[in-house]
Amino acid sequence: MGDITTTHYLILSFVLFSIGLAGILTRRNLIVVLMSIELVLNSVNLNLIAFSYQLSDLTGQIFAIFTICVAAGEAAVGLGILLALYRLRHTTELDQATELRG
Amino acid sequence: MEILVFYVFGTFAVVGAFGVVLNRNPMYSAISLLGSFLSVAVLFFLRHAEFLGIVQVFVYGGGIMVLFLFVIMLVNLYQLRETNLFGTNTRGALVLVLVVAAVFSYLLWTVDFDPAFADPSSFVTAGPDGAEMGNSEAVAWTLYRDYLLPFEIASIFLLVAMMGAVILGRKQ
C-alpha cells in the first residue's frame, strides 16, 4: 500500500477544487454557489497543510489559519448579501439578479 | 493503515463535494458540505496539523455550517421549487473547468513533488527553539512571534466583515 505522499494530497485537493469550481460556475442558487466557494477554499487549505508537512515548516499551517479566517468572513458577508437579495426579489436565483448587468 | 484512512476519508470528502453541487435541496447540500469538511479535518490530523483539524471542526463544522443552515431555514429555501438546477452557460463553464483540470493534471504529471526537502518527522514535536512541544504550542509560537502583524490585520478584517454583515442584514 505504501505511505501517504504529498502527491496523494495534491490529487485529492485538485479533485475537490475542480468540483467546487464547477459548482460556482454552473449552479443558479446563490447559497449553493457560496457553499462551493467554501469547498474551493478548503481544498487550498489541504494543499497548504500537505506542503507544510513536507517542508517541515509551520508557515503553511499559519497561512491555513488565515484562509479559514477569510472563509468565515466571506461566508458572513455572502449570506448577508443573500438575505438582502431575498428581501428585494423574493428569490435566491442568480439569474434574477441582473440589475447591474450592462 | 494510514493510507487506508486516507483513502476512506478522501472518498468521503469527494462524495460530499459532489453532493453539494448535485443536490436539488440546499438542505442536503449543506449536510454534504458538513461531511466533506469533517473528512478533510481527519486528513489534517494525518499530516500532523492537529490544531488546524480542531479549528476546521469548530469553525467550519460549527460556525459556518450553522450560519448556512440558519439562512436556509430563514429563507425557506428548501421549499422554493427549483425548476432548472443549472444556469444557461453550463457548457462554457464545464469547458473552463476541464481546461483547469487539464493544466493541473499536466503539472501533477510532470513535476515530482514527492522528495521531501527536510525530514518531516522533525516537524512533529520540534518547536522554533528545538524544544519539544505539541502542534498547538508550535503554531502559537510561530503565529504570535513571526506573524503578529498579519494576525492583527486578520482581526480587523473579521471586525469589518462582521459590521458589513450586520449592515447588510438589517431591515431597511
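User: Hi! How do α3(A) and α7(B) lie relative to each other, roughly parallel or roughly antiparallel?
Analyst: In this predicted model, α3(A) and α7(B) are roughly parallel to each other. They pack at an angle of about 10°, and angles under 35 degrees count as roughly parallel. Their axes are 8 Å apart.

User: Cool. Which residues meet there?
Analyst: From α3(A), they include F66(A), G73(A), V77(A) and L83(A). From α7(B), P150(B), F157(B), M162(B) and L168(B) are among them. By class, this contact has 15 nonpolar, four polar and no charged residues.

User: And how many residues does each chain give to the whole contact?
Analyst: Chain B gives 71 residues and chain A gives 61 residues. On the side of chain B that touches chain A, α1, α2, α3, α4, α5, α6 and α7 of chain B each supply at least two residues. That side divides into 54 nonpolar, 12 polar and five charged residues.

User: New topic: what is chain B built from, helices or strands?
Analyst: Chain B has seven helices and zero strands. Buried residues make up 25% of its 172 residues.

User: What about α2(B), how far apart are its end C-alpha atoms?
Analyst: They are 31 Å apart. With 21 residues at 1.5 Å a residue, α2(B) should span 30 Å, so the two values agree.

User: What comes just after α2(B)?
Analyst: There, H48(B) takes a positive phi of about 60°.

User: Last one: in chain B, what share of contacts joins residues at least 24 apart?
Analyst: Among contacts in chain B between residues at least 6 apart in sequence, the share is 48%.

Methods. Residues are numbered from 1 along each chain as its sequence is written. Chains are lettered from A and ligands numbered from 1 in the order in which they are written. This is a predicted model: local features need pLDDT of at least 70, side-chain atom pairs count only at pLDDT 80 or more; totals for chains, interfaces and linings use all residues. Two residues are in contact if their C-beta atoms, placed from the backbone, lie within 7 Å. Helices (H or I, at least four residues) and strands (E, at least two) are DSSP runs, numbered from the N terminus. Ala, Val, Leu, Ile, Met, Phe, Trp, Tyr, Cys and Pro count as nonpolar, Asp, Glu, Lys and Arg as charged, and the others, Gly among them, as polar. The expected span of a helix is 1.5 Å times one less than its number of residues. Axes are lines fitted to C-alpha atoms, for helices over the stretch in contact, and angles run from 0 to 180 degrees between N-to-C directions. Angles under 35 degrees count as roughly parallel, over 145 as roughly antiparallel, 65 to 115 as roughly perpendicular and the rest as oblique. A residue is buried if 20 or more other C-beta atoms lie within 10 Å of its own, exposed if 12 or fewer, and partly exposed in between; C-beta atoms are placed from the backbone.
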